[in-house]
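Dear colleague,

I am passing on the structure below, together with some notes on its charged pairs and on one of its sheets. Please read them with the coordinates open beside you.

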Amino acid sequence: MANYVNSKKNFKCVPALQQFYTGGPFRLSSDGSFLVCACNDEVKVVDLATGSVKNTLEGDSELIVALALTPDNKYLFSASRSTQIKYWDLSSATCKRTWKAHNGPVADMACDASGGLLATAGADRNILVWDVDGGYCTHSFRGHQGVVTTVIFHPDPHCLLLFSGSDDATVRVWDLVAKKCISVLEKHFSTVTSLAISGNGWNLLSAGRDKVVNIWDLRDYHCRATIPTYEPLEAVCVLPDGSRLVSVMNQSRGLPENQKKSGAAPVYFLTVGERGIVRIWYSEGALCLYEQKSSDAIISSDKDELKGGFVSAVLLPLAQGVLCVTADQRFLFYNVDESDEGKCDLKVSKRLIGYNEEIVDLKFLGDEEKFLAVATNLEQVRMYDLSSMTCVYELPGHTDIVLCLDTVVFSGHILLASGSKDHTVRIWDTESKSCVCVAAGHMGAVGAVAFSKKAKNFFVSGSSDRTIKVWSFASVLDFGGISKSIKLSSQAAVAAHDKDINSVAVAPNDSLICTGSQDRTARIWRLPDLVPVLVLRGHKRGVWCVEFSPVDQCVMTASGDKTIKIWALSDGSCLKTFEGHTASVLRASFLTRGTQFVSSGADGLLKLWTIKSNECIATFDQHEDKIWAMAVGKKTEMLATGGSDSLVNLWHDCTATDEEEALLKEEEAALKDQELLNALADTDYVKAIQLAFELRRPYKLLNVFTELYSKGHAQDQIEKVIRELGKEELKLLLEYLREWNTKPKFSHVSQFVLFQLFNFLPPTEIIEVQGISELLEGLIPYAQRHYSRLDRLMRSTFLLDYTLSSMSVLSPTETNLSSSNLLARTGDPPYAQIDQFHQTHFPEPNLTPRQSLLDSGNTDSVEVTARRDKKKRVSANNSEKTTVAEVKIGDMENAFDEPDVADQGSSKHKRASSKKRKSIALGNASVKRIASGNAVTIALQA
């Protein structure tokens with residue numbers, strides 16, 4: 001069929017945006033290849049090239065408060081609020097050592113240039129220095145009157161000095177050789193937040209929240225200069241002489257390099273703070289060489305206070321740029337951008353978002369769908385490149401949280417609409433990264449927005465003020481001469497619902513719109529005048545999402561009553577109801593030309609449905625909380641989901657790939673099955689066992705081992721197979737043996753293979769198998785049960801010994817064969833030896849039926865026949881009397897424990913023959929039990 005559509009059956013999840021930084025400490029590697037960040041009680045190692053999390057170091061359920069990297073980037077120290085310090089090997093992501101350092105939380109940590117010493121500053125006002133290799137404390141410094149906020153070593157490994165800053169507004173210098181404080185630097189009037197050493201090692205820079213930077217001469221510890229910055233500072237970084245930043249800034253300001261004054265070398269440094277701007281300073285004259293014109297860190301401005309700003313900054317390797325961290329957990333990478341006029345500026349080259357809070361809405365951009373627009377609990381809309389999943393730019397403009405998004409391609413331009421809690425809708429041109437239209441008119445938060453599907457020249461918005469409005473932008477939009485945002489006026493408006501409007505959808509032909517509300521109804525309206533057409537009633541909770549079918553005259557609604565319904569547009573009747581979610585259904589969207597749809601809910605599940613069969617064919621659980629947002633690509637039908645867990649997942653259709661892989665696996669399995677049959681036919685048991693392992697065919701493997709067991713001389717082949725098994729295959733074999741050992745039918749094969757396995761492999765290799773203790777716990781009880789069963793069988797055979805020994809009194813003296821000698825013959829089974837004994841000493845014709853009965857295995861009939869024959873012989877010989885006695889098995893055992901005087905001479909011979917007979921019985925598990933029941937009737941001649 002030409003219009004046949006392949007249904008989707010499975011999606012592959014690729015985590016796109018992950019939470020890796022929730023505020024607090026972080027460290028940049030010396031080569032700039034990765035970041036180490038605190039994420040609640042965990043430590044995340046982030047690859048800067050891709051922005052993905054490489055490793056996660058588990059904590060102790062307490063927040064991480066301090067981090068330190070060794071200079072070679074191989075080891076990491078982390079401290080949590082539990083006062084525990086952990087020493088990590090980053091190559092293996094394992095904790096090498098843990099110890100308690102302070103009586104309070106650790107505020108900061110630093111490693112010296114050699115990596116052999118670690119300094120920790122605590123809230124208990126103490127500073128401790130630790131020997132990393134030895135694991136012991138070498139120095140304990142006390143002197144600060146407040147919490148020690150920052151600590152650094154002198155960068156010269158031969159200069160054993162330690163510097164510390166505190167909220168007592170002092171900086172102290174500690175001599176590690178003399179183990180004492182050699183200077184107290186008092187020039188600050190507030191908390192000291194950052195310390196830095198100049199490149200020549202003779203200047204110390206200290207920054208604080210008193211809005212100044214002090215430069216100290218380490219020769220005599222006097223203050224060279226105090227530079228006012230007019231903002232509370234969080235970080236100060238010294239720029240190396242000759243770096244690109246210094247050269248460019250000097251050229252732009254016309255300053256000569258290596259300028260000196262008063263015999264002291266000038267210092268270039270960088271500061272960041274509460275204002276959220278980067279500034280570069282020159283120490284001579286307190287000259288500010290560069291200041292950003294606008295902040296990339298400020299997220300909102302209220303009447304009372306300024307929110308945002310930078311909380312830390314570090315230089316990138318070789319001072320090619322600077323990495324700044326904002327209060328809302330963004331990592332901004334700045335590089336120098338030189339213009340044609342010779343001016344320079346710091347531009348954001350890369351953004352990494354450590355924490356997105358709740359993902360409110362998602363939309364793919366453009367026909368190629370290379371970018372993803374993300375709305376979070378912030379005022380900006382963030383744009384991510386899907387190839388690298390890095391934030392390429394942000395769209396600031398709203399003054400409150402963005403709640404909804406939609407996108408359309410108009411006149412070759414990709415437009416994005418965003419609705420916010422500030423009661424406005426903004427239209428953005430993604431190419432110019434500017435706002436081109438503003439639609440203001442709602443009296444409440446705008447929670448739903450939808451573009452036209454056909455004409456693409458208007459959009460519809462729904463608000464918490466219970467109204468919907470239609471806005472047209474085609475006549476006023478001119479991309480060539482846009483200088484500022486154009487204010488739009490609504491073309492139509494109507495009070496649509498009794499409660500907040502959650503969702504708005506436009507029909508594919510632009511003739512109808514559908515709205516869903518918290519009043520538990522969905523309504524159909526006719527454009528352009530918003531004339532009411534239908535009211536869809538049936539949901540028991542609010543309607544969270546509505547969408548028109550792309551091919552049929554129907555509309556789909558998702559509700560808080562855990563159901564999804566499909567309604568007919570002709571009469572408003574409910575056509576289908578889908579149940580399966582365990583919480584509110586928040587999003588639903590059609591797939592595969594309207595034959596399927598996907599839904600997401602507050603239960604954190606993504607479900608794939610087939611409409612024709614009302615069946616949920618797949619459920620995906622990759623979120624830990626509500627899934628508020630879901631986007632479907634129009635071209636590739638790739639899915640993107642985001643929710644309260646601040647995680648964005650990308651879903652790719654892998655149905656065709658799965659079918660191809662299944663077909664290939666089936667063909668490969670068929671070929672290997674044939675090889676297995678050929679190996680069995682050729683008696684190549686080694687290859688057959690290997691193929692059975694590869695195919696995971698335990699029944700075939702059991703058959704091969706059974707054949708080897710029946711051969712009797714297969715130790716070499718089994719040894720060869722066992723020695724070639726890897727750890728995983730050995731574990732699998734033990735699992736199979738554990739299952740076979742539970743059944744008496746296969747227990748002899750299982751015990752046979754187990755004996756060979758423990759015989760060939762040393763215990764050191766066996767204990768390395770993962771989960772060996774659980775496997776042995778399953779093997780030992782059944783092995784003991786089988787041994788007990790065989791032991792009971794052997795005990796029962798002693799009755800036969802007693803019987804034959806008693807009968808030998810009447811046998812001819814020339815043939816005095818004991819039952820032990822009979823059972824010692826290994827050529828025939830035990831019952832054949834018993835028949836041979838009877839034929840030798842009692843060759844009457846009436847014993848022939850007994851032989852046939854023994855051959856048939858009916859031991860009960862044998863016993864009855866023997867008793868009947870015995871009675872006949874007794875009646876023929878009236879001179880003898882017959883006594884019939886029931887002898888219990890336990891009595892027979894007592895009889896063997898206390899032998900008669902006549903049998904004491906041969907007791908040693910009987911014990912030896914019993915041991916030999918036991919080994920024969922253990923080797924031949926097919927011994928048939930002659931005596932059955934708790935008592936055996938034995939004919940004894942008086």
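Counting every side-chain nitrogen of Lys or Arg within 4 Å of a carboxyl oxygen of Asp or Glu, the total comes to 22 salt bridges; please keep in mind that this is a predicted model.

One of these pairs joins E234 and R209, whose side chains meet with 3.2 Å from N to O. Because E234 belongs to strand β22 while R209 sits in the loop between β19 (203–208) and β20 (212–217), this salt bridge ties together parts that lie 25 residues apart in sequence. Both partners fall into the intermediate class of accessibility: E234 is partly exposed at 23% relative accessibility, and R209 is likewise partly exposed, at 40%.

Two further pairs involve helices. E694 forms a salt bridge with K672, and the closest N and O atoms are 3.0 Å apart. Since E694 lies in helix α3 (residues 685–695) and K672 in helix α2 (residues 655–681), the pair ties together parts that are 22 residues apart in sequence; E694 itself is partly exposed, with a relative accessible area of 44%. In the other pair, E768 forms a salt bridge with K727, where the closest N and O atoms are 3.6 Å apart. Here E768 is in the loop between α8 (763–766) and α9 (772–807), whereas K727 is in helix α6 (residues 727–741), so that the salt bridge ties together parts 41 residues apart in sequence. E768 is exposed, its relative accessible area being 52%, while K727, at 41%, counts as partly exposed.

Salt bridges also link four residues, D328, R330, R382 and E394, in a network.

The strand that carries E234, β22, leads on to the sheet. This is an open sheet of 4 strands in the order β22-β23-β24-β25, and the pairing is antiparallel. Strands β22 (233–239) and β25 (287–291) stand at its edges, and because each has a single partner strand, one side of each is left without a neighbour in the sheet. From one strand to the next the twist averages 25°. At the β25 edge, strand β24 (residues 279–282) pairs with β25 in the antiparallel sense over 4 bridges, and R279 stands opposite E291, which is in β25.

With best regards

Conventions:
Residues are numbered from 1 along each chain as its sequence is written. This is a predicted model: local features need pLDDT of at least 70, side-chain atom pairs count only at pLDDT 80 or more; totals for chains, interfaces and linings use all residues. Side-chain values use heavy atoms; hydrogens and water are left out. Two strands pair if DSSP finds at least two bridges between them. Helices (H or I, at least four residues) and strands (E, at least two) are DSSP runs, numbered from the N terminus. Axes are lines fitted to C-alpha atoms, for helices over the stretch in contact, and angles run from 0 to 180 degrees between N-to-C directions. Buried means under 20% relative accessible area, exposed over 50%, partly exposed in between (1.4 Å probe, protein chains only).
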